[in-house]
Amino acid sequence: MDILMLMLVGFIVCGMAAPQYGDEQEYHHQHHDVHQLHTTPIPILQHKHEMHKDGYQFSYKTGNGIQAEESGYIKKIGEKEDDNLIVMHGSVSYTGPDGIPVKLTYIADEHGFQPQGAHLPTPPPIPAEIQKVIDQQAVHQQVVHQPEHQEEAYDDQEQYAGHY
């Protein structure tokens with residue numbers, strides 16, 4: 001069962017590795033003969049696929065510059081026999097429709113899918129004023145949690161009776 005699951009995951013990832021096109025390809029479909037776009041087959045220049053008892057690895061290279069590789073293995077995460085997950089590491093690279101090379105590396109494990117690539121969106125930098133406040137709060141947190149600034153805890157409330 002685990003081997004079949006590994007194969008299924010491998011094929012799904014291969015399908016996901018193909019470049020995705022948005023409006024540009026729709027434009028070509030609307031304004032050009034679709035048969036002219038897809039008449040030339042793209043050769044597979046290199047393909048390797050190995051299955052092992054505890055994992056797999058594959059790679060391929062196509063005539064239009066797509067390259068992909070991935071390896072995966074079964075990781076035990078619990079005490080039960082079927083408390084396993086598949087850890088995958090891989091990468092895919094291709095040239096986008098705008099001519100810019102794209103490279104994506106990824107790991108998928110118990111922490112989820114973690115892609116990395118220069119083409120992926122990133123959050124904007126934190127403005128200097130806000131970063132200053134964050135830094136000040138961090139320093140304040142360190143000072144407050146030092147032992148000489150901790151207040152003593154009293155369990156005996158009678159000790160305070162009449163001392164208000």
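Which residue of β4 does K75 stand opposite? In this predicted model, K75 stands opposite L85 in β4. The views below start with the whole chain and then move to single sites.

**View 1. Overview of the predicted protein, with 4 helices and 6 strands.** Along the sequence, the elements follow the pattern α-α-α-β-β-β-β-β-β-α. The protein has 164 residues, and 18% of them count as buried. Among the contacts with a separation of 6 or more, 28% are between residues 24 or more positions apart. The protein exposes about 13300 Å², and carbon and sulfur atoms supply 56% of this area.

**View 2. Strand β3 between its pairing partners β2 and β4.** β2 and β3 pair in the antiparallel sense, over 7 bridges. β3 and β4 also run antiparallel, and 10 bridges join them. The hairpin of β2 and β3 has 4 residues between the strands. In that hairpin, G65 takes a positive phi near 95 degrees. Across the β2 and β3 pair, A68 in β3 is the bridge partner of Y60.

**View 3. The largest nonpolar core, made of 12 residues.** Its members are Y56, F58, Y60, I66, A68, M88, V92, Y94, V102, L104, Y106 and A108. Three strands each supply at least two of the core residues: β2 (55-62), β4 (84-95) and β5 (101-109). β5 gives the most, with 4 residues. In a regular strand, side chains alternate between the two faces of the sheet.

**View 4. Surroundings of A68, one of the core residues.** Leaving aside residues up to four places away in sequence, A68 touches F58, S59, Y60, S91 and V92. Of these neighbours, F58, Y60 and V92 are listed in the core together with A68. Y60 is also the bridge partner of A68.

**View 5. T62, a residue of strand β2.** Is T62 buried or exposed? T62 counts as buried because its relative accessibility is 9%, and the cut-off for buried is under 20%. Beyond residues up to four places away in sequence, T62 touches I42, P43, I44 and L45.

**View 6. The salt bridge between K75 and E110.** How many salt bridges does a search of the whole structure find? The search finds 1, and K75 and E110 form it, with their closest N and O atoms 2.8 Å apart. This pair links distant parts of the chain, as the two residues are 35 residues apart. K75 lies in strand β3 (residues 67-76), while E110 lies in the loop between β5 and β6 (112-116). K75 has a relative accessible area of 28% and is therefore partly exposed. E110 also counts as partly exposed, because its relative accessibility is 39%.

**View 7. A nonpolar surface patch made by I126, I130 and I134.** The area of this patch is about 260 Å². I130 is placed in helix α4 (residues 128-144). Why does I130 count as partly exposed? Its relative accessibility is 47%, and partly exposed covers values between the limits of 20% for buried and 50% for exposed, so I130 falls in that class.

Conventions
Residues numbered from 1 in each chain as written. Predicted model: local features only at pLDDT ≥ 70, side-chain atom pairs only at ≥ 80, totals over all residues. Heavy atoms only, no water. Core = buried A, V, L, I, M, F, W, Y, C linked by side-chain atoms within 4.5 Å. Buried < 20%, exposed > 50% of the residue type's maximum accessible area, 1.4 Å probe, protein only. Contact = heavy atoms within 4.5 Å. Salt bridge = Lys/Arg side-chain N within 4 Å of Asp/Glu carboxyl O. Patch = residues over 30% accessible without salt bridge, like charges linked within 9 Å, V, L, I, M, F, W, Y side chains within 5 Å. Areas by Shrake-Rupley, 256 points an atom, 1.4 Å probe, with all protein chains shown as cover. Pairing = 2+ DSSP bridges.
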